[in-house]
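Colleague: I'd like to learn how to read a model like this one. Could you walk me through it?

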Amino acid sequence: MRKKNYTYIWVSLVVLVFGIIFIPRIVDRIRDKDIVEKDRMSSENDPEVLSYIMRNGERRKVPSFAFRNQDSLLITNEDYKGKVYVVEFFFTSCPSICPIMNRNLVELQDEFREYEDFGVASFTINPEYDTPSVLKAYAEQYGINDMDWHLMTGDREEIYKLANEGFNIFAAEAVDVPGGFEHSGLFALIDREGYIRSRKDDFGNPIIYYRGTITREQQTNDHGEIEQITQLKEDIEKLLEE
């Protein structure tokens, strides 16, 4: 009996020592994990954090591209690495929405002029007409003078693939439309690592793109849609601060 009592006492002591040493550590680890998890969830649900745009469970990134700009220089997606930038698809002879889009972008250019890590990527959807010299004249006409704003032209099929598949921003030739081309007038916002980002709507879903065809002075269009240049400016600032 006495031997069994001693065994019981030793087992009890081992359990007590284990509890004193290891249980607090286990509790701390559980608590820390809970805090990290809460922080992660809080970050994902934070309306101030811009969303990544997902496709098949992966973050959508700007595809590789290589085109000539208004100075006939070869520009690729690598030239935008480390920069926050806005993407548009336009054409210089557009008689409707393109002038509005580019006046909006010129305003952003002027507001972010002091930032060396901000840029704009403009791709023409009429590359046969929009040669580098035509794009150069267009840039001068609209006051496009930021060294990180490239107006690009090149292979027609590659540009349309970039628009319709790479960004899912609609662009097509349409003979019945004024100017002969149809496009959405949307802007895409890209972060320093090349990912497409956007703010969330009132339901917590990413808006994906920003309307480029309504000015801040207009506020709304004939369809009741509100301008999103103010939101785009705010979100550019957020990405520049990341």
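Colleague: Let's start small. Where is Cys-94 found?

Modeller: First, keep in mind that this is a predicted model. Cys-94 sits in the loop between β6 and α2.

Colleague: Is Cys-94 buried or exposed?

Modeller: The call rests on relative accessibility, and anything under 20% is buried. Cys-94 comes out at 7%, so it counts as buried. Setting aside neighbours within four places in sequence, Cys-94 is in contact with Pro-99 and His-183.

Colleague: What does the UniProt record say about Cys-94?

Modeller: The unreviewed UniProt entry carries a "binding site" annotation that covers Cys-94, Cys-98 and His-183. Those three span 90 residues in sequence, yet no two of their C-alpha atoms are more than 10.2 Å apart, so they gather at one spot.

Colleague: And which residues is Cys-98 in contact with?

Modeller: Leaving out neighbours within four places in sequence, they are Phe-90, Phe-91, Tyr-138 and His-183. Cys-98 lies in helix α2, and its relative accessibility is 1%, so Cys-98 is buried as well.

Colleague: How many residues does helix α2 have?

Modeller: α2 runs over residues 98–111, which is 14 residues. For a helix, you can compare its end-to-end reach with what 1.5 Å a residue would give. Here α2 reaches 20 Å from first C-alpha to last, close to the 20 Å expected. Its buried residues include Cys-98, Pro-99, Met-101, Leu-105 and Leu-108, along with polar ones such as Asn-102 and Gln-109.

Colleague: On to strands. How should I think about side chains there?

Modeller: In a regular strand, side chains alternate between the two faces of the sheet. Now take β8, residues 149–152: Trp-149 and Leu-151 are on one side, His-150 and Met-152 on the other, and all of them are buried. Both faces of β8 are covered, in other words.

Colleague: Which way does β7 run relative to β8, parallel or antiparallel?

Modeller: Parallel, with four bridges joining β7 (residues 118–124) to β8. Within that pairing, Ser-122 stands opposite Leu-151. Helix α3, residues 132–142, belongs with the two strands: β7, α3 and β8 make a right-handed β-α-β unit.

Colleague: What about the loop between α3 and β8: which residues does Asp-148 touch there?

Modeller: Asp-148 is in that loop. Not counting neighbours within four places in sequence, its contacts are Tyr-80, Lys-83, Glu-116, Phe-118, Gly-119 and Val-120. Asp-148 has a relative accessible area of 13%, so it is buried.

Colleague: Which residues touch the most other members of the largest nonpolar core?

Modeller: Val-87, Phe-89, Phe-123, Phe-167, Leu-189 and Ile-236, out of 54 residues in that core. Several elements each supply at least two core residues, among them β6, α2, β7, α3 and β8. The largest share, six residues, comes from β6. For a single residue in that core, try Leu-189: leaving out residues up to four places away in sequence, it touches Leu-50, Val-84, Tyr-195, Leu-232 and Ile-236, among others.

Colleague: Stepping back, how many helices and strands does the protein have?

Modeller: Five helices and 13 strands. Of its 242 residues, 41% count as buried. You can also ask how far along the chain contacts reach: among those between residues at least 6 apart in sequence, 70% join residues at least 24 apart.

Terms used: Residues numbered from 1 in each chain as written. Predicted model: local features only at pLDDT ≥ 70, side-chain atom pairs only at ≥ 80, totals over all residues. Heavy atoms only, no water. Buried < 20%, exposed > 50% of the residue type's maximum accessible area, 1.4 Å probe, protein only. Pairing = 2+ DSSP bridges. Right-handed = clockwise from strand over helix to strand, strands pointing away. Expected span 1.5 Å × (residues − 1). Core = buried A, V, L, I, M, F, W, Y, C linked by side-chain atoms within 4.5 Å. Contact = heavy atoms within 4.5 Å. UniProt positions renumbered as here; feature names shortened; annotations may be inferred.
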